[in-house]
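User: Hi, I'd like to go through this model with you. Can we start with the helices?

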Amino acid sequence: MKESYPIADTWLPFEVHPETPLSGVAIKDRFPGWDIDEAVVSFNKRCAPFRITFGHWTILSNSHLALAAGEFARDHGQHDAMHEGLFHACFTECRNIGDMGVILDVAHKIGFDSSALERALTHGDYESRLIEAAKETRDKNITAAPTFFIEDQPRIVGAVGIEIFKAALDKAMGKGLEILG
């Protein structure tokens, strides 16, 4: 039997399209000619083993406030829950995560004091952290999300198959790994 090892991860907030207006922009306008129906079918097929479902989203959200909310959640020990909630709201429910109401609804669902989060976002409490993260992504030449760094391995860019992660982790740790589902 192979040994299993916990993996520590650190998420870095990254705005893929910071130029997107707060109201969002229609996917068909931002990516003309991209077949969203075909993409959703492909995403759902690839993500089915992980119980992730994509809806037919039509709006590309401005992620700035959502990333700031993620930093608030990180400070309160709930970054993973906030990240998962915002991902679900955006890609499964097809809601605009650039909208304060959507962010506060996600926060409420995971048990946050929504008023404290709203105050933090309204006052820009996490702006300096997002600016620092943007500088770090430029310094690391990160241009796409997701981008993964595994010690002593080439970076992994994009939504790739688990076999690519397993191979990189095997090499990094020098032994066979069991991927837990």
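User: How are H4 and H5 set to each other?
Analyst: H4 and H5 are oblique to each other, because oblique covers angles that are not under 35 degrees (roughly parallel), over 145 (roughly antiparallel) or 65 to 115 (roughly perpendicular). Helix H4 (residues 79-92) and helix H5 (residues 100-109) pack at about 130°, with axes 9 Å apart. Angles run from 0 to 180 degrees between N-to-C directions, and axes are lines fitted to C-alpha atoms. Helices are DSSP runs (H or I, at least four residues).

User: Is this predicted, and what should I know about the numbering?
Analyst: This is a predicted model: local features need pLDDT of at least 70, and side-chain atom pairs count only at pLDDT 80 or more, while totals for chains, interfaces and linings use all residues. Residues are numbered from 1 along each chain, and side-chain values use heavy atoms, without hydrogens and water.

User: What about H3 and H4, what is their angle?
Analyst: The axes of helix H3 (residues 64-75) and H4 cross at roughly 155° and come within 7 Å. That makes H3 roughly antiparallel to H4.

User: Which residues of H4 touch H3?
Analyst: His-79, Met-82 and Leu-86 of H4 make the contact (heavy atoms within 4.5 Å). From H3 come Ala-66, Ala-69, Gly-70, Glu-71, Ala-73 and Arg-74.

User: New topic. Which helix gives the largest share of the lining of the second largest pocket?
Analyst: Helix H7 (residues 127-139), with five residues. Among the lining residues are Phe-14, Leu-67 and Arg-138. A pocket is an open set of points on a 1 Å grid where a 1.4 Å probe fits, with protein on both sides within 12 Å along at least five of seven lines; lining residues have an atom within 4 Å of a point.

Methods:
Helices (H or I, at least four residues) and strands (E, at least two) are DSSP runs, numbered from the N terminus.
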